[in-house]
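Morning, everyone. I have one structure to go through, starting with a short definition and then working from the loops to the sheet.

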Amino acid sequence: MSEINKPFIESLVTRFKVIGFDADWTIWQPIQGQGKENQFRQDPFDVKWMVERKEVLQALYNLGVRLFIATNQGLTPFLPSEAEAEQFIRQHLKASEILVSEIGSNVRIYHCFTYPPVDYKPQLEKYVSEDDFMRKPNPGMLFTAMSDFEIANVHDVLYVGDRLEDEKAAQKAGVHFLGAEAFFSKAYR
Ligand SMILES: [Mg+2]
């Protein structure tokens with residue numbers, strides 16, 4: 001096990017009041033099909049912490065940085081019925097809650113369950129949204145986190161993610177961004 005880079009963690013604590021993370025392939029990954037980068041979960045509970053990532057969030061949390069997770073979960077409109085979509089959402093919320101509770105009680109999590117319209121397969125209209133402000137690359141979830149944590153200054157916020165949509169959401173919100181690989185490689189000696 002690598003040793004956490006304390007000066008880096010302390011520099012984050014000094015600079016940022018709030019740090020947000022994307023979920024899938026930033027801090028969490030599917031349990032099934034390991035090693036296949038960017039693979040989707042087989043079901044909402046098919047998820048675990050990536051190696052040596054929880055420890056970094058824990059260190060930040062313990063030093064008083066407020067943490068949030070903002071995740072797009074766009075499979076919802078492609079489920080066969082609204083009842084199944086609702087169950088899927090409940091299970092997703094539960095799976096996130098279980099993982100987040102391993103850090104502490106004050107980690108916030110935001111999910112976006114909508115997806116833009118497609119013409120290649122049926123979608124549940126309730127979960128279709130052309131340009132949902134909450135769906136990354138839009139900044140809605142990041143703004144909601146800032147509001148919930150009562151942060152007025154965008155410079156107090158860092159967002160970390162593995163995809164271009166994460167970087168764009170951070171840009172649109174005006175907050176700092178670091179790629180997941182860069183962030184977590186700096187977090188260890
Ligand atoms: Mg991701």
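When I say helix or strand, I mean a DSSP run, H or I over at least four residues for a helix and E over at least two for a strand, numbered from the N terminus. Note that this is a predicted model.

With that, take Glu-52, in the loop that runs between β3, residues 48-49, and α2, residues 54-62. Its phi is near 60°, a positive value in a residue other than glycine. Is Glu-52 buried or exposed? Partly exposed, because 13 other C-beta atoms lie within 10 Å, and buried would need 20 or more.

Trp-25 also has a positive phi, near 70°. That residue is in the loop between β1 and β2, the latter being 28-29. Trp-25 has 18 C-beta neighbours inside 10 Å, so it counts as partly exposed.

For context, most residues other than glycine have a negative phi, and most peptide bonds are trans. An exception to the second point is the bond between Lys-136 and Pro-137, which is cis, with omega about 20°. Pro-137 sits in the loop between β5 and α4, residues 140-148.

Now the sheet. It is open, with 5 strands in the order β5-β4-β1-β6-β7 and parallel pairing. At the edges are β5, 108-112, and β7, 176-179, each pairing on one side only. From one strand to the next, the twist averages 20°.

Inside that order, β1, residues 18-21, and β6, residues 157-161, run parallel and are joined by 4 bridges. Ile-19 is opposite Leu-158 in β6. Helix α5, residues 164-173, packs on the sheet and touches β6 and β7. The direction of α5 makes about 165° with that of β6.

How values were computed
Residues numbered from 1 in each chain as written. Predicted model: local features only at pLDDT ≥ 70, side-chain atom pairs only at ≥ 80, totals over all residues. Pairing = 2+ DSSP bridges. Axes fitted to C-alpha atoms, helices over the stretch in contact; angles between N-to-C directions. Contact = placed C-beta atoms within 7 Å. Buried ≥ 20, exposed ≤ 12 C-beta atoms within 10 Å, placed from the backbone.
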